Amino acid sequence: MAATESSPQTADGAASPIAASGPDNRAARVSQRSTFRRIAGRPEIGSLMGAIAVVVLFFAVAPPIRSLDAVSTVLYATSTIGIMAVAVSLLMIGGEFDLSAGVAVITSALAGGMFTWWFGVNVWVGVGFALVFSLGIGFLNGWLVTKTRLPSFLITLGAFLILQGLNLFITRLVTGAVSSPSISDMDGFESAKAVFASTIDIGGVGVRVTVLWWLGFTAIATWILLRTKAGNWIYAVGDNQDAARAVGVPVKWTKIGLFMAVGFMAWFMGMHNLFLFSSIQSGGGVGQELIYIAAAVVGGCALMGGYGTAIGAAIGALIFGLTNQGIVFAGWNPDLFKFFIGATLLVAVVLNMWVRVRTQRR
């Protein structure tokens with residue numbers, strides 16, 4: 001009777017193959033499928049596959065891009081998109097958009113440069129003024145969105161037009177031209193340039209400091225999303241703000257904080273442009289906000305909020321940075337870059353949706 005109740009055995013006492021392929025094996029298969037689902041369901045997987053495809057394409061058709069100097073150029077182009085895309089991705093995960101992000105970069109640069117030039121102060125005073133000004137724009141955008149409950153699309157579209165008009169009007173009023181005066185000969189310029197726009201020698205290759213800042217900002221944003229209470233609030237607010245409010249999430253200040261984060265990054269990129277060129281064209285920045293949003297979406301951020309990662313946005317920025325420079329190295333028409341952005345955005349949205357549906361069905 002005991003033999004009947006035990007697991008089936010072969011003549012030499014070993015476990016039967018039928019028993020070996022029983023519950024333990026099924027559990028292993030389920031675990032394997034679960035691991036696959038977790039990996040395939042990551043927001044950045046689609047953009048990672050896209051980045052690999054773009055790398056292979058341009059390494060094949062544009063031999064000059066294989067050099068270390070060219071890689072440095074690609075990384076610099078990526079960082080100028082990626083720094084803003086990090087903040088934009090957090091805002092999108094929180095369920096909001098900022099269409100004024102591109103022009104806000106120019107506004108911040110003009111605020112710092114014009115303040116420094118007009119009052120004849122050390123450029124670091126102008127940097128501080130620009131920071132307060134940019135954070136104020138972000139605060140105002142966030143406050144209006146939460147106070148009026150209007151879509152952030154409309155609020156920030158208004159901010160976009162207001163800032164664009166002020167940039168041109170004030171610059172012409174003060175200087176009589178469409179660009180700000182040069183501040184390259186003013187106190188503190190060189191030290192500020194070292195922080196925001198210097199080039200660092202790494203292994204004999206010049207690398208813009210913005211590349212290091214971009215990697216650092218991406219790491220900080222990832223830590224916030226994955227390891228802090230604020231990260232949980234961001235996902236909760238983007239997924240369902242009413243439910244988040246019901247469980248004690250400070251919805252208003254989370255959203256305002258996200259808009260101010262975009263303002264902070266706009267300030268940083270504005271300072272980079274200011275100390276790289278020493279003067280700013282007041283009509284710039286238009287259209288850049290769409291590239292930042294596209295990089296976040298290509299990186300896996302959901303348009304409806306509550307889903308995405310900063311790493312995905314960084315990969316999306318890499319795709320656009322590589323394409324921007326790859327087209328030049330390949331000798332193609334530069335106008336194709338905007339075409340590529342639109343096509344990539346459509347493919348990324350469809351691919352991300354398909355991956356999510358497939359993983360949910362498994």
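**Exercise 1.** Which residues does asparagine 141 touch, not counting residues up to four places away in sequence? Place asparagine 141 in the chain and classify its exposure.

*Solution.* The model is a predicted one.
- Step 1: asparagine 141 belongs to helix α7.
- Step 2: its relative accessible area is 4%. The limit for a buried residue is under 20%, so asparagine 141 is buried.
- Step 3: with residues up to four places away in sequence left out, asparagine 141 touches Asp98, Ser100, Ile155, Thr156, Ala159 and Phe259.

**Exercise 2.** Summarise the protein chain by its secondary structure, its buried share and the separation of its contacts.

*Solution.*
- Step 1: the secondary structure comes to 16 helices and two strands.
- Step 2: of the 362 residues in the protein chain, 45% are buried.
- Step 3: take the contacts with a separation of 6 or more; residues 24 or more positions apart account for 77% of them.

**Exercise 3.** Describe the ring pair of phenylalanine 58 and tryptophan 332, and say which parts of the chain the pair ties together.

*Solution.* A pair of aromatic rings is described by the distance of the centres and the angle of the planes.
- Step 1: ring centres must lie within 6.5 Å to pair, and by this rule there are 17 aromatic pairs. In the pair of phenylalanine 58 and tryptophan 332, the centres are 5.6 Å apart.
- Step 2: the planes stand at 50°. Stacked planes are under 30 degrees apart and edge-to-face planes over 60, so this pair is tilted.
- Step 3: phenylalanine 58 is in helix α4 (residues 45-61), while tryptophan 332 is in the loop between α15 (310-329) and α16 (336-361). The pair therefore ties together parts that are 274 residues apart in sequence.
- Step 4: phenylalanine 58 has 1% relative accessibility and counts as buried. Tryptophan 332, with a relative accessible area of 36%, is partly exposed.
- Step 5: not counting residues up to four places away in sequence, phenylalanine 58 touches Ile65, Leu322, Thr323, Gly326, Ile327 and Trp332. For leucine 322, the C-alpha to C-alpha distance to phenylalanine 58 is 8.2 Å, with the two positions 264 residues apart in sequence numbering.

**Exercise 4.** Name the members of the aromatic cluster, and find the ring that arginine 208 lies over.

*Solution.*
- Step 1: one aromatic cluster is formed by Trp124, Phe189, Phe196, Trp213, Phe217, Phe264, Trp267, Phe268 and Phe275.
- Step 2: arginine 208 lies over the face of tyrosine 76, at a distance of 5.4 Å from the ring centre.

**Exercise 5.** Classify the packing of α6 against α8 and of α5 against α13.

*Solution.* Two packed helices are described by the angle between their axes and the distance between the axes.
- Step 1: the axes of α6 (residues 101-119) and α8 (residues 152-175) cross at roughly 25° and come within 10 Å. Angles under 35 degrees count as roughly parallel, so α6 is roughly parallel to α8.
- Step 2: the crossing of α6 and α8 is left-handed. Among the residues in contact are Ile106, Leu110, Met114 and Trp117 of α6 and Phe160, Leu163, Ile170 and Val174 of α8.
- Step 3: α5 (residues 68-93) and α13 have axes 7 Å apart and pack at about 165°. Angles over 145 degrees count as roughly antiparallel, so α5 is roughly antiparallel to α13.
- Step 4: α5 and α13 also make a left-handed crossing. Their contact includes Tyr76, Ile83, Met84 and Leu91 of α5 and Phe259, Val262, Met265 and Phe268 of α13.

**Exercise 6.** Where does tryptophan 117 lie, and with which residues is it in contact beyond its neighbours within four places in sequence?

*Solution.*
- Step 1: tryptophan 117 lies in helix α6 and is partly exposed, at a relative accessible area of 33%.
- Step 2: leaving aside neighbours within four places in sequence, tryptophan 117 is in contact with Val174, Thr175, Pro181, Ile183 and Met186.
- Step 3: tryptophan 117 and serine 180 are 63 residues apart in sequence and 8.8 Å apart from C-alpha to C-alpha.

**Exercise 7.** Are arginine 149 and serine 278, both with positive phi, buried or exposed?

*Solution.* Most residues other than glycine have a negative phi.
- Step 1: arginine 149 has a phi near 60° and lies in the loop between α7 (123-148) and α8. With a relative accessible area of 60%, arginine 149 is exposed.
- Step 2: serine 278 has a phi of about 70° and lies in the loop between α13 (251-277) and α14 (288-298). At 12% relative accessibility, serine 278 is buried.

How values were computed: Residues are numbered from 1 along each chain as its sequence is written. This is a predicted model: local features need pLDDT of at least 70, side-chain atom pairs count only at pLDDT 80 or more; totals for chains, interfaces and linings use all residues. Side-chain values use heavy atoms; hydrogens and water are left out. Rings of Phe, Tyr and Trp (its six-membered ring) pair if their centres lie within 6.5 Å; planes under 30 degrees apart count as stacked, over 60 as edge-to-face and the rest as tilted. Buried means under 20% relative accessible area, exposed over 50%, partly exposed in between (1.4 Å probe, protein chains only). A charge sits over a ring if NZ of Lys or CZ of Arg is within 6 Å of the ring centre and within 35 degrees of the ring normal. Axes are lines fitted to C-alpha atoms, for helices over the stretch in contact, and angles run from 0 to 180 degrees between N-to-C directions. Angles under 35 degrees count as roughly parallel, over 145 as roughly antiparallel, 65 to 115 as roughly perpendicular and the rest as oblique. A crossing is left-handed if the near helix is turned anticlockwise from the far one by less than a right angle, and right-handed if clockwise. Contact means heavy atoms within 4.5 Å.
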